[in-house]
Amino acid sequence: MHTISLYVRSIALSALLLIALPVLANQNTVLVLGDSLSSAYGVPSETAWVELLRDRIESQDLDWTVVNASIGGETTDGGLRRLPGLLETHDPTIVIIELGGNDGLRGFPPNVIESNLANMIEQVRDTGATPLLVGMQIPPNYGQRYTTMFADIFPTLSDRYNTVLVPFFLDGIYDQDGLMQGDGIHPTEEAQPRLLDNIWPKLEPLLNNQASS
């Protein structure tokens, strides 16, 4: 009788697992790989744009999980080194690559920045995930030649890999009163919804396309 009971329980457990598997298979993950602009630097974490993204996804009843792997001060080199482990751990469907700003502020060679970002795009694609590249610009005091070369990295990669691009993450923010912190580099709490609004038009179609596929 004990053996029969165990057999019945085993069948019941297997049935429950089979029911749960389709649910798990339908869950998708957005991985945000960024720097301090995405790691809630100087603002309450619950008001940062990545948290607002979670709220918006939930409000629209989209079946997505958002993982924020952003670190303040992160460079493209650091992101490139961390990416393989993040892809293996989280198995994301979409990867938002918001890196390069710190490289530019430190005057790193544009060809190195471009190579690192290209490598990340390729790694994301190799897993079957979709990359979303977030463009950045740096202040003009770095010289016209360097600032232009830096800004050109992002559309160049977008064209090369046919990758969705947010042209400039701080568009409508960096030059507006009250939307930048005292350091002139990081957006304020009031700017966080605008950061999300700069991302959303490029991200929303990816979310909906994956949900309907």
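Leaving aside its neighbours within four places in sequence, which residues is Leu-207 in contact with? In this predicted model, Leu-207 touches Val-30, Ile-57, Leu-62, Trp-64, Ile-94 and Trp-200 once those neighbours are set aside. The chain holds 7 helices and 5 strands, which follow one another along the sequence in the pattern α-β-α-β-α-β-α-α-β-α-β-α. Of its 213 residues, 45% are buried, and among contacts between residues at least 6 apart in sequence, 75% join residues at least 24 apart.

**Nonpolar core**

- The largest nonpolar core contains 57 residues, and those with the most contacts inside it are Trp-49, Ile-96, Leu-117, Leu-203 and Leu-207.
- Helix H7, which spans residues 192-212, supplies the largest share of this core, namely 7 residues.
- As a general background to such a core, nonpolar side chains in soluble globular proteins tend to be buried together.

**Strand pairing and crossovers**

- Strand E1 runs parallel to strand E2 (residues 64-68), to which it is joined by 5 bridges, and within this pair Val-32 stands opposite Asn-68 in E2.
- Between E1 and E2 the chain passes through helix H2 (residues 49-59), and the resulting β-α-β crossover is right-handed.
- Strands E3 and E4 are likewise paired in the parallel sense, here over 4 bridges, with Val-95 standing opposite Pro-131 in E4.
- Strand E4 is also joined to strand E5 (residues 164-166) by 3 bridges, again in a parallel arrangement, and Leu-132 stands opposite Val-164 in E5.
- A right-handed β-α-β unit is made by E4, helix H6 (residues 144-161) and E5.
- Because 4 of the 5 residues of strand E4 (residues 130-134) are buried, this strand is largely enclosed by the rest of the structure.

**Helix H3**

- Helix H3 (residues 76-90) comprises 15 residues and reaches 20 Å from its first C-alpha to its last, a span close to the 21 Å expected at 1.5 Å a residue.
- H3 nevertheless carries a kink of about 40 degrees at Leu-83, shortly before the proline Pro-84.
- The buried residues in H3 are Thr-76, Gly-78, Gly-79, Leu-80, Leu-83, Leu-86 and Leu-87, so the kinked position Leu-83 is itself listed among them, and residues three or four places apart in an α-helix point the same way because there are 3.6 residues a turn.
- What covers these buried residues includes strand E1 (28-34), strand E3 (94-98), helix H4 (101-105) and helix H5 (110-126).
- Just after H3, Asp-91 adopts a positive phi of about 45 degrees.

How values were computed
Residues are numbered from 1 along each chain as its sequence is written. This is a predicted model: local features need pLDDT of at least 70, side-chain atom pairs count only at pLDDT 80 or more; totals for chains, interfaces and linings use all residues. Side-chain values use heavy atoms; hydrogens and water are left out. Helices (H or I, at least four residues) and strands (E, at least two) are DSSP runs, numbered from the N terminus. The expected span of a helix is 1.5 Å times one less than its number of residues. The bend at a residue is the angle between axes fitted to the seven residues ending there and the seven starting there. Buried means under 20% relative accessible area, exposed over 50%, partly exposed in between (1.4 Å probe, protein chains only). Contact means heavy atoms within 4.5 Å. A nonpolar core is a set of buried Ala, Val, Leu, Ile, Met, Phe, Trp, Tyr and Cys residues joined through side-chain atoms within 4.5 Å. Two strands pair if DSSP finds at least two bridges between them. A crossover is right-handed if, with the strands pointing away from the viewer, the path from the first strand over the helix to the second runs clockwise.
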